[in-house]
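Hi,

Here is the structure I said I would pass on. Have a look at it first, and then read my notes underneath.

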Amino acid sequence: MIKKHEIPDVNNWDLHQLARAVSKDPNDTQQAWSTIQAAYEWAEQFETKMDKAISKRCVKDSLQVAMIAATEMFLDLPTVIVALLTPAFLTKFIEKEAVEKHFGLKTASILQELALLKDYRLRNDTIRNYPNHPDINCHHILAILLQICDIMHLHCSGITFENVDTELVPSNTQLLLELKHFYIPLSHRMRLYDIQTKLADFWLKHTDTLSYYAITAKLGMTKIKRQQKLNLVAEEVQAAVKERGIDFIIKKRIKSVYSIWHKIQKLKIDFDQVHDLTAIRIILTNMDGKTLQEEKVACWKILSIISNLYKPICNIMRDWISIPRDSRYESLHLTFETYKYGQLEIQIRTERMDYIAEYGEAAHWKYKYTNL
């Protein structure tokens, strides 16, 4: 079975697995497989009629986009069918009426929206105005998500811009512009953080290639190994807090190459001065009815527990609970030396504070990708 966030080898991929991924009920798998098989065969049939320059990124690539749509986005069967049929539809080898007849109105409508999306050139301020977009609808959003899947496929498969067919993907400059001002902040707003990270790293890799590889080299280990180390230290933190009978949830974050680069650029610092390469966020729950002062005391209590576990690096502390940022952001940030696992940033906040940070004026997407 395919692992999440991993693009499988198409040659070893069973369409039954894709059918299972898009089926809400095991009883629906057979019907889903029949539909996927029909779409795949249809796409192959049209591939033989396409220009070789276009067809080199056709059925197999479309299948990988469909896999990403099913496993990363958890999109439904009609949207997965759209992924398979997109090249033939965009190059006008099939018409909307034919798609609707064979695969239904939803699939045909998403394809139509996807074609319009690829013809539309996003403005720099699109992400801020997008909720008021006059043409927004469910099929339009699905088309956007599918476009994100396509960009992720470009990134994860290692395809270079020189080998990208411009009939199916925007020009290099346009794609990078849309990533920066639309797809990356939109992914953040939708809380698709893993996807946001991949898109941001892709953007950096093609806008500042030297910096991208310089940071990658300085990290000195793969993302998987960094994640393994973070998992171990998170278990220690979780055990220490849980022992006190405190209600909380814990989130883990490895700083992406893009985020490291962004911090270096913004603060005018060196790589060695970035102390939050890994971070754990502790969010206190069941705080309804508590006063602001009680919330602050609870957060400081957590800080005391962690300070007994690891050595605080006292010159690297941010107290935005006592004095919130102008954006109303509230959180405690303190960096610790974990002895075995290196430096670790701990962020402490309540559910109320976390909601403001994620959805309110303090939300990262409102400034992080527009001030470069």
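Below is what I found, starting with the sheet and ending with the helices.

One thing before you dig in: this is a predicted model.

The sheet is open and has five strands, in the order β1-β2-β5-β4-β3, with mixed pairing. At the edges sit β1 and β3 (311-319), each of which pairs on one side only. From one strand to the next, the twist averages 20 degrees. Helix α13 (residues 223-242) packs on this sheet and touches β1, β2 and β5, and its direction makes about 160 degrees with that of β1.

As for the individual pairings, β1 (residues 248-254) and β2 run antiparallel and are joined by seven bridges. If you want a spot to click on, F248 has L284 of β2 as its bridge partner. On to the next pair: β2 and β5 (residues 343-350) run parallel, with six bridges between them. There, I283 is partnered by R349 in β5. Over at β3, five bridges link that strand to β4 (residues 332-337) in the antiparallel sense, and K311 stands opposite E337 of β4.

So how many residues of strand β2 (residues 278-284) are buried? Seven of the seven, so the strand is largely enclosed by the rest of the structure. In a regular strand, side chains alternate between the two faces of the sheet. Here both faces of β2 are covered: T278, I280, I282 and L284 are buried on one side, and A279, R281 and I283 are buried on the other. Note that R281 is among those buried residues.

Now the helices. α4 (residues 59-71) has 13 residues and spans 18 Å from its first C-alpha to its last, close to the 18 Å expected at 1.5 Å a residue. This helix is mostly covered too, with 12 of its 13 residues buried. Among them are D61, Q64, M67 and I68.

The other helical feature I'd look at is the pair α11 (residues 193-207) and α12 (residues 209-219), whose axes come within 5 Å and cross at roughly 120 degrees. Angles from 65 to 115 degrees count as roughly perpendicular and those over 145 as roughly antiparallel, and the two helices are therefore oblique to each other. On the α11 side the contact is made by D201, L204, K205, H206 and T207, and on the α12 side by T209, Y212 and Y213. By type, the residues of this contact divide into three nonpolar, three polar and two charged.

Cheers

Technical notes. Residues are numbered from 1 along each chain as its sequence is written. This is a predicted model: local features need pLDDT of at least 70, side-chain atom pairs count only at pLDDT 80 or more; totals for chains, interfaces and linings use all residues. Side-chain values use heavy atoms; hydrogens and water are left out. Helices (H or I, at least four residues) and strands (E, at least two) are DSSP runs, numbered from the N terminus. The expected span of a helix is 1.5 Å times one less than its number of residues. Buried means under 20% relative accessible area, exposed over 50%, partly exposed in between (1.4 Å probe, protein chains only). Two strands pair if DSSP finds at least two bridges between them. Axes are lines fitted to C-alpha atoms, for helices over the stretch in contact, and angles run from 0 to 180 degrees between N-to-C directions. Angles under 35 degrees count as roughly parallel, over 145 as roughly antiparallel, 65 to 115 as roughly perpendicular and the rest as oblique. Contact means heavy atoms within 4.5 Å. Ala, Val, Leu, Ile, Met, Phe, Trp, Tyr, Cys and Pro count as nonpolar, Asp, Glu, Lys and Arg as charged, and the others, Gly among them, as polar.
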